[in-house]
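Here's a quick tour of one protein model, starting at the surface and ending with its cysteines. Have a look at the structure first.

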Amino acid sequence: MATIVQTLSVHQLSTASWVCLFALLALIAFVIRQSTSPIARIPGPLLTKFTILPIVYQDHIGNRTKWTEGLHRQYGPVVRLSPKEVSVSSSASIRDVFTGSAKAGYYPKAPIFNIFQHYGARNAFSSIHSENHSWRRKIVAGNYAQTAIVAKEAKHGSLWKNVGRFLNMIKREGTTSGSGPAKSIDFFSACRFYAADNVTSHLFIEGSDALDGDQEIRRIIEDSAEGPSDVMSYFKMEFETLNSAIDRIKGMIFSLLNLEQKSTGRSRPATASGKQVDLEQSQWYGGTAIRDWGFKRFLMTRDALEQARIDTSLESPVGAKLAANSMEGEKSGWIDGPPVQDAGIRLLKSSASDEGLLRFYRNEGCASECMDQFLAGLDTVGDTLAYVLQTLSMTENRRSQQALIPECSSLDLPQEYDVPLSSKQLADIQAALYVEAVLKETLRAFPASTTAFQRTVPPGGRMLEGHFVPGDTIIGGIPTTINRDTSVFDRSCTFDVDQWLPQRWLDADDNTLAEMNRRLWTFGSGGRGCIGKHLAILEMKLLIVGIYSRCSTAIDDETPVKVSKK
Ligand code: HEM
């Protein structure tokens, strides 16, 4: 009897013990593996060796950027954010990762860039690898060169016209407060309309008309502002399938309750995983109103090229260059190459020789490129200009505005906006020192994108600042951290890097100024840096001089004005 009891008890214990033992061993193995992995040797909080929870949490509470900045202050220029992600901040590491010299090797973009596709097609911005990126960038690079942007403006004056429209909009739609001639306007929306009209006139045969009051495009632009649910959080990226399922269930509940689910221009579910959009089935081309608008404007531009109403010169819309590439692919007698998982391109193989594969756009690819450039130029320019107007209008910055106004007035610009400014006038505006200082300081202190620009460490890993970072690690840099490097932007300890102070750009000696220009990272750097930088700068400078050569600005808290929605 005693023997039987003993046997049973051993049997019961052994099952539970095996489970515990197995769990314990698995835990020990996990801890050993994580603590001895190469990424564990990179400085960072202990917990980040083992789990993504700290970064998921910081992301969830909207504190990821500040948290990362704090970690750089505590741990140095290379810090571990999770078992698979690292952040860099020093000049050398940023150069290595983002400029990607041939010797150091190329860092592909991180998978998060997949979400920037449109119509199931990639564009330059969302191309992960250099071989998919460089041919795309090459097609439009000439249109974005500084000389081309200035020559186009001197010929057509589209941006200057929009400055006039912006000022007219204030006159027409601004509300009067008090007894003076001052008008109040919601300048966040106004700046987005200005940015939209500019970038679309650069891209298409017919740009948008938001400043003149086209309510439909205004609604589309306002809806396209990124809302909290559009932000691609760490959680959404890590658990994409779960999130898609939640979105589908939400959609079903909305349709069961017969509620209208707002489809913003920004929502990305259709292309989040690179899935192709069914253009026939979708209510709009590409599934959202803004994509539909963009696709149709591209087709209008292509029509104009086919009918020879425009050409592909640098003074023509960028869309014409893209359409010409697509038409060349269609016309060629070459045979199709292997199929590609991208609705936007055709791979063609010469039937006559072994020239290799050539890539050409389909219409979806051209429209995706245009859509990407539209969105890239809308938020960034709109937000930066809103920051310029906001900071200059604050009481504590009154002196900066007082310094800016005489410089803008001295440019002696016409009050006529239908005639393009001359090359000389454009050059004078570009050279105006205080305008430049205000703009650079705004770009430095309030970069339009505050999240990390991410890349993937190439196979085999890389040495960065004496730390080995293994292959496949996600690696990022944050403009706000780099733009606040005290050793560059506050070298003489006269100016606080957290403060908006244009004077720092004027007081710096030549060497410091050159270093500040090199380090200002709001437009990124290297072959994947911002292609639209020169267009953006000219747009912003023209609006600044257009406003401050004629007006002064102040915050009007009493009259919150909303530009009317449909
Ligand atoms: C204040 C204005 C702007 C800012 C701050 C800005 C910022 C940036 C940054 C930081 C990147 C690189 C991101 C990375 O490295 O991961 C980028 C890329 C890009 N930007 Fe801009 N941008 C601005 C205006 C514009 C405009 C006006 C356009 C076009 C009309 C534009 C088109 C693009 C494109 C196409 C890329 C991708 C380039 C490539 O991968 O080859 N941007 N921008």
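On the surface, W18, L21, L24, L25, L27, I28, F30, V31 and I32 make up a nonpolar patch, with about 860 Å² of accessible area together. Patch members have over 30% relative accessible area and no salt bridge, and nonpolar side chains (Val, Leu, Ile, Met, Phe, Trp, Tyr) are joined within 5 Å. One of the patch residues, L27, sits in helix 1 (residues 2–36).

Keep in mind that this is a predicted model: local features need pLDDT of at least 70, side-chain atom pairs count only at pLDDT 80 or more, and totals for chains, interfaces and linings use all residues. Residues are numbered from 1 along each chain as its sequence is written, and side-chain values use heavy atoms, with hydrogens and water left out.

Next up is T553, in the segment after helix 22 (533–548). Leaving out residues up to four places away in sequence, T553 touches L389, S393, R398, Q401, I547 and Y548; touching here means heavy atoms within 4.5 Å. The side chain of T553 also makes polar contacts (N or O atoms within 3.5 Å, one able to donate a hydrogen and the other to accept it):

| Side-chain pair | Distance |
|---|---|
| T553 and S393 | 2.9 Å |
| T553 and Y548 | 2.7 Å |

How many disulfides are there? With a disulfide taken as two cysteine sulfur atoms within 2.5 Å, the count is zero. For C191, the nearest cysteine sulfur belongs to C551, 13 Å away. C191 counts as buried (under 20% relative accessible area, 1.4 Å probe, protein chains only) because its relative accessibility is 0%.

How values were computed
Buried means under 20% relative accessible area, exposed over 50%, partly exposed in between (1.4 Å probe, protein chains only). Helices (H or I, at least four residues) and strands (E, at least two) are DSSP runs, numbered from the N terminus. Patches are made of residues with over 30% relative accessible area and no salt bridge: like charges are joined within 9 Å, nonpolar side chains (Val, Leu, Ile, Met, Phe, Trp, Tyr) within 5 Å. Accessible areas come from the Shrake-Rupley method with a 1.4 Å probe; for residues, only the protein chains shown count as cover. A salt bridge is a side-chain nitrogen of Lys or Arg within 4 Å of a carboxyl oxygen of Asp or Glu.
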